[in-house]
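This report describes how one chain is folded and packed. Please keep the sequence and the coordinates at hand while reading.

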Amino acid sequence: MFPNLTNALDFQSKALVLRAERQRVIASNIANADTPGYSGRDINFKQAMGQALGDSGMTLAPSTSQSMTSAGTTHARHIPLPSSTADGSNGSGRLDYTVQTQPAMDGNSVDLDRERASFVDNSVRYEATLRFINGSSRTILSAIQGQ
C-alpha cells in the first residue's frame, strides 16, 4: 500500500531533479551568450524523464516542438549532432545542442530571447512541481495523523 502512496511523489521528485538540471543548463547558456563559438545546450525533458523512469510504461505529454527521430534529428536524412551526458544528472539526462535560429558572426548559437523564455517556463514548471510535492506530502501527513 505504501508504494501506491509514494508513486506520484517519486515521479514528481524525478521531474524536480531534471527541472533543476535544465535550469542550470539554461543559466549556463545565458552566461555564455557573448562567448564566441559557444554552442547552446539543452535537455530533452521528455526523453530524460523517460530514462529516469526506466521507460516503465508511463507516457509523457507529446512535445510541442518538432518530432525527433531516435537519432535526435528531425528528418531521417539529417546528420545527428553528438550529445554528451549532463554532469549532474546521474546519467538520466542528455545534453543536446539547441537549434540555432539566427546565425551569429562569432559562431555563438545562443538566442537570448529564447533562453530567457525557456528559463521562465522552466522556473514556473519547477515551482508547480514543488507545490504538487508539498500538497501531496501534506495530504499523506494528514491521512497518517487521522485529521
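The text below goes from the overall fold to the helices, the core and a few individual residues.

The model is a predicted one, and every value that follows should be read with that in mind. The chain has 147 residues, 28% of which count as buried. Its secondary structure amounts to 3 helices and 3 strands, and the order of these elements, starting from the N terminus, is α-β-α-β-β-α. Among the contacts in the chain with a separation of 6 or more, 68% are made by residues that lie 24 or more positions apart.

Helix 1 covers residues 2-31, while helix 3 covers residues 112-145. For each of these two helices, the distance between the end C-alpha atoms can be set beside the expected span, as in the table.

| Helix | Residues in helix | End-to-end C-alpha distance | Expected span |
|---|---|---|---|
| Helix 1 | 30 residues | 43 Å | 44 Å |
| Helix 3 | 34 residues | 49 Å | 50 Å |

In helix 1, the end-to-end distance agrees with what is expected at 1.5 Å a residue, although the helix also has a kink of about 30 degrees, centred on alanine 8. In helix 3, the distance from the first C-alpha to the last is likewise close to the expected value.

Which helix do the buried residues of helix 3 pack against? They pack against helix 1, and the buried residues concerned are Glu115, Ser118, Asn122, Thr129, Ser136 and Ile140. Several individual positions add detail to this picture of helix 1 and helix 3. Glutamine 12, which is located in helix 1, touches Thr129, Phe132 and Ile133 when residues up to four places away in sequence are not counted. Glutamine 12 counts as buried because its relative accessibility is 15%, which is under the 20% limit for that class. Glutamate 127 belongs to helix 3, and its C-alpha atom is 8.9 Å from that of leucine 16, although the two residues are 111 residues apart along the chain. With a relative accessible area of 40%, glutamate 127 is partly exposed. Alanine 27, in helix 1, is also partly exposed, at 33% relative accessibility. The C-alpha atoms of alanine 27 and serine 118 are 9.9 Å apart, for a sequence separation of 91 residues.

The core comes next. In soluble globular proteins, nonpolar side chains tend to be buried together. Here the largest nonpolar core consists of 9 residues, namely Ala15, Leu18, Val25, Ile43, Phe45, Ala48, Met49, Leu53 and Leu95. At least two residues of this core come from helix 1, and at least two from helix 2, which spans residues 45-52. The buried residues of helix 2 are Phe45, Ala48, Met49 and Gly50, and what covers them includes helix 1 and strand 1, the latter formed by residues 41-43.

Where does the charged end of arginine 19 sit? This charged end is placed over the ring of phenylalanine 45, at 3.8 Å from the ring centre. Phenylalanine 45 is thus described in two settings, since it is listed in the largest nonpolar core and its ring lies under the charged end of arginine 19. As for pairs of aromatic rings, the count comes to 0.

Finally, the backbone just after two of the helices deserves a remark. Glycine 54, just after helix 2, takes a positive phi of about 75 degrees, and glycine 146, just after helix 3, has a positive phi of about 75 degrees.

Notes. Residues numbered from 1 in each chain as written. Predicted model: local features only at pLDDT ≥ 70, side-chain atom pairs only at ≥ 80, totals over all residues. Heavy atoms only, no water. Core = buried A, V, L, I, M, F, W, Y, C linked by side-chain atoms within 4.5 Å. Buried < 20%, exposed > 50% of the residue type's maximum accessible area, 1.4 Å probe, protein only. Helix = DSSP H or I, 4+ residues; strand = E, 2+ residues; numbered from the N terminus. Phe/Tyr/Trp six-rings, centres within 6.5 Å; stacked < 30°, edge-to-face > 60°. Lys NZ or Arg CZ within 6 Å of the ring centre and 35° of its normal. Expected span 1.5 Å × (residues − 1). Bend = angle between axes of the 7 residues up to and from the residue. Contact = heavy atoms within 4.5 Å.
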